[in-house]
Amino acid sequence: MRRRDFIGLSAATLALSACEPLARLRGLGIPLSVLRPGMADGHRLRDAIKLPEPGGELSTGVAILGGGIAGLTAAWRLAREGYTDFILLDGPEPDGNAAATRFSVGAENYAAPRGAHYLPLPSRESTHVREILADLGVIRANPQSERPEYDESALVHSPEERVWYQGAWHEDLLPTRALPEAEAAQHRRFEALIASLRTARGADGRKLFAIPIVESSRDPVWRALDRLSFAAWLRREGYTAPSLLTYLDYASRDDYGAGLAGISAWAGLHYFAARDGRAANAEPGAVLTWPDGLQTLARGLGKYIPAGQRYAGYALRIEEGRNGVRVLCRDKDGKVYTLNARRAICALPLHVAARVVPNLAGYGFDARRHLPESAPWLVGNILLRGFPKEQAGVNLAWDNVVHGSRGLGWVVSTHQDLRAARPAHTVFTTYRALADATPRAGRDLLQRAPDTELLALALEDMEQVYHPLDLWRRMQAVELILRGHGMAIPRPGYLDNPGLAALRSTDGRLLFAHGDLSGYSVFEEAAWWGDIAAQRILKG
Ligand SMILES: Cc1cc2nc3c(=O)[nH]c(=O)nc-3n(C[C@H](O)[C@H](O)[C@H](O)COP(=O)(O)OP(=O)(O)OC[C@H]3O[C@@H](n4cnc5c(N)ncnc54)[C@H](O)[C@@H]3O)c2cc1C
């Protein structure tokens, strides 16, 4: 440590620097909250021996069960088409993985995502996302054109991303220029392949890799890649450069919650090749983001729900009968009632649906064989006073990644702030998929690990980069969000999961909608299934 680093730090702070993170946090009086959305309710459902008796009844045309992006999109579509006889039941977490937090400091509020934080420019096939964005004012003109015009404040500002490699920051997420030619040549080969796959079509004339995934080509030659892991495919194709493999492993954990060996090769390529959206006013590859992440979109969708029709509480049991769907619900005060609906949309994560829809197998989904494995995630929101000191001449980016780390770096909630001076505070949101062991072991860790261990995981990347004393004296509050079942992992074989295919095509009184139906989880897929379910209802 250099001597000048001591200046301005109290003796107490210095003594604390040797302590474990939680003691340090407590010693500095920094509040810590640890949230486990849905965990207690979910475990109660799992362990329930006997369901409670309902104490009342309620009726509606359509019951939308689940207040994540899928449920909210269903509500948006119904309301937009003039069908308002519905109720949306939020479950344990309004907005689901698109939820956000707000820290108050004096008169200022600092929002930050608790999960989903960005949306790539939507592909040509994502017509539903373009419609949503146009309705919410994010697309300003020509929503279905090759290059729509976007609201500048949502297009990520420069510098968008950087990677920490061998003690210095580099532009982009792959430090190609800092590497020997043999490695750089492999980066170029991979990039060229992806560029060609972005426009490639299968024998059926469809794009090889599309978002939503169901619009992708069914060409068996390409779909055969789904039988291999991404790691095996990379080996087969001679991709051996450690820097490339490290980067691709990061990308795989970032998008799918599992490393290269744990995901389908088809999914690995889809991540890169399907994202081909363009904008009239942004570079290719730009993304849309807001201080609170995708909660801005969730809120915009939620505004379509008529007043009084969004309910707190959750579904305990969903059963289709001859005349409709009966949903046993518990409200926020613990009261149990029956919600009778002519039709219902089950927009719940499938591991929850497997508990509350007793006849799920009757819809073609056998939870023991068809339930996608889900990845556990840890998200950390760190409220900071000012900004940690950067290396001379280096600017903080929106997305900051440490090459070779098991963490996924952090995004900066105030990055899109357009002010003359930097804000007094900021929130760094750190991400980590617990991908080093089985998902079950990751969930055990989230459930049992002491707060100090969770905190250390959440801070690991920032502590590698910033001077710890500078970082710690700026910390004002920490919120950890533990998502035991964050997102479905696209394991090899996921494209042909017959249970998912069955739920996707269900069109009776009970319909299904959730990102899980695609076998992996992004905004576009969740919104797609919500939209499809609503359109089926509108068709009668
Ligand atoms: C850490 C993390 C980061 C992510 N980042 C991004 C990103 O940057 N961009 C992106 O596109 N995607 C991201 N995703 C993927 C994200 O999951 C999707 O974008 C999308 O938000 C999923 O929406 P959903 O409706 O399918 O599901 P969920 O968000 O899982 O919503 C499910 C809903 O069901 C409700 N529910 C649960 N149980 C019950 C019950 N018994 N009764 C009633 N309701 C119930 C919940 O309260 C919740 O509202 C991220 C995911 C994670 C975990």
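This passage describes helix α18, the shell around the ligand and the nonpolar cores of a predicted model. Residues are numbered from 1 along each chain as its sequence is written. Because the model is predicted, local features need pLDDT of at least 70 and side-chain atom pairs count only at pLDDT 80 or more, whereas totals for chains, interfaces and linings use all residues.

Helix α18 (helices being DSSP runs of H or I of at least four residues, and strands runs of E of at least two, numbered from the N terminus) covers residues 523–539, and its end C-alpha atoms are 24 Å apart, which agrees with the 24 Å expected for 17 residues at 1.5 Å times one less than the number of residues. Of these 17 residues, 13 are buried, so α18 is largely enclosed by the rest of the structure; a residue is buried if 20 or more other C-beta atoms, placed from the backbone, lie within 10 Å of its own. Just after α18, Gly-540 takes a positive phi of about 85 degrees.

The ligand is surrounded by 40 residues, the closest being Gly-66, Gly-68, Gly-91, Gly-96 and Gly-486, where a residue is near if its C-beta atom, placed from the backbone, lies within 6 Å. Among the elements that give two or more residues to this shell are α4 (69–80), β20 (475–488) and α18.

The largest nonpolar core, a set of buried Ala, Val, Leu, Ile, Met, Phe, Trp, Tyr and Cys residues joined through C-beta atoms within 7 Å, has 143 residues, and α18 gives the most to this core, with nine residues. A second, separate core of six residues includes Leu-208 and Phe-209.

Notes. A residue is buried if 20 or more other C-beta atoms lie within 10 Å of its own, exposed if 12 or fewer, and partly exposed in between; C-beta atoms are placed from the backbone.
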